[in-house]
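Colleague: I should be grateful for a close look at one part of this model. Please take the strands in turn and then place them in their wider setting.

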Amino acid sequence: MRKIILFVFIGMYFHCMSQTNIAVYNVVEIKEKFNISDTLNDTQKEANKLLLKAFDLAKSMNYTLTFNDKESIGSIDKTMATDEDKGHSYFGIAEALIGIGQYHQVKSNDISLVQKESMGELFLIESSLFKDWEIFQDQRQIAGYTCFLAKLKCEDCKNQVEVWFTPDIPVPFGPVGYGGLPGLVIEIKKYSSVLTLSTMELTNEPVEIKIPIKGIKISEDRYNELTKKARETGKGKF
Amino acid sequence: MKKYLIVFMFFLSAFSYANNLAIKSIEDKESPMCWAVADAAESSCCGLVGCDFALWERVYLACNRQS
């Protein structure tokens, strides 16, 4: 009985699979708009100063996506960060520039989960994996893969997120929760930075995929409502 | 003796007043300043205030830690 309970417990936390791929992504671009010029006011200068430092740190961080044909798990690899890095006040911003949290995508259930700390709580935010994408004919070679451009359909977005995916690896997964396309997401151009594939490793060794289960379960829409409310009413309470 | 006492009391109250002003200035400045910095950072990154709460929150926390 004890063994069964142990087995069920382990089964809830881990999925062991063979032929798992490990993709590593890096931030590679910073736009010049974060330069600190005399035309900016003090607030903007302070903001850009923090962002520049955070971008420098973000460039040294890796984002690891582990996936097979059924599911994926991805997060920033903090094992590379030194204690000194973690001690910096802008370490948290660097994480935010890439993508905070642990992302889990499941193809069969059309689920995209992210476990992250926000507003002093740990959340488990659920959304659909297959989002409304517009796929373009534009092609590029990235890290040796032929990639196609896709953009999320969004009428009121000022800066639209651009994603490059490759049908060469036909899985609907990608870093930072981006997925639901007919191929692995290789590059994400988000706002002022680009997160792009740097290495891909295919392993026949069983790889543990630790699925996030802790946190307050909440839908993406509800979470967005909470953040909006926190912004309006929670001044000084973070 | 009375004069010394008055002078002493004057400096004491002046010091206390200046100290209170400095504390008030920090209290007034800290959160709203960081709130504005977080708004500016978010706006710089994704185009408008309200587009990336995670970034906004991290900038706000980092700013307060630095203050």
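In what sense do β3(A) and strand β4 of chain A pair, and over how many bridges?

Modeller: The model is a predicted one, and the description that follows should be read accordingly. β3(A) and strand β4, which covers residues 71-77 of chain A, pair in the antiparallel sense, over 6 bridges. Together, β3(A) and β4(A) form a hairpin, with 3 residues between the two strands. One of the pairings joins A:F67 to A:S72, its bridge partner in β4(A).

Strand β3, residues 62-67 of chain A, also pairs with strand β2, residues 20-27 of chain A. The sense there is again antiparallel, over 6 bridges. Within this pairing, A:V24 stands opposite A:T64 of β3(A). Strand β3(A) therefore has, by the criterion of at least two bridges between paired strands, a partner in β2(A) and another in β4(A).

As to the setting, chain A contains 5 helices and 14 strands. Of its 238 residues, 32% count as buried. Among contacts in chain A between residues at least 6 apart in sequence, 58% join residues at least 24 apart.

Chain A also meets a second chain: 26 residues of chain A are in contact with 23 residues of chain B. On the side of chain B that touches chain A, α1 (2-46) and α2 (53-66) of chain B each supply at least two residues. The largest share, 12 residues, comes from α2(B). By residue class, that side of chain B divides into 16 nonpolar, 4 polar and 3 charged residues.

Key
Residues are numbered from 1 along each chain as its sequence is written. Chains are lettered from A and ligands numbered from 1 in the order in which they are written. This is a predicted model: local features need pLDDT of at least 70, side-chain atom pairs count only at pLDDT 80 or more; totals for chains, interfaces and linings use all residues. Helices (H or I, at least four residues) and strands (E, at least two) are DSSP runs, numbered from the N terminus. Two residues are in contact if their C-beta atoms, placed from the backbone, lie within 7 Å. Ala, Val, Leu, Ile, Met, Phe, Trp, Tyr, Cys and Pro count as nonpolar, Asp, Glu, Lys and Arg as charged, and the others, Gly among them, as polar. A residue is buried if 20 or more other C-beta atoms lie within 10 Å of its own, exposed if 12 or fewer, and partly exposed in between; C-beta atoms are placed from the backbone.
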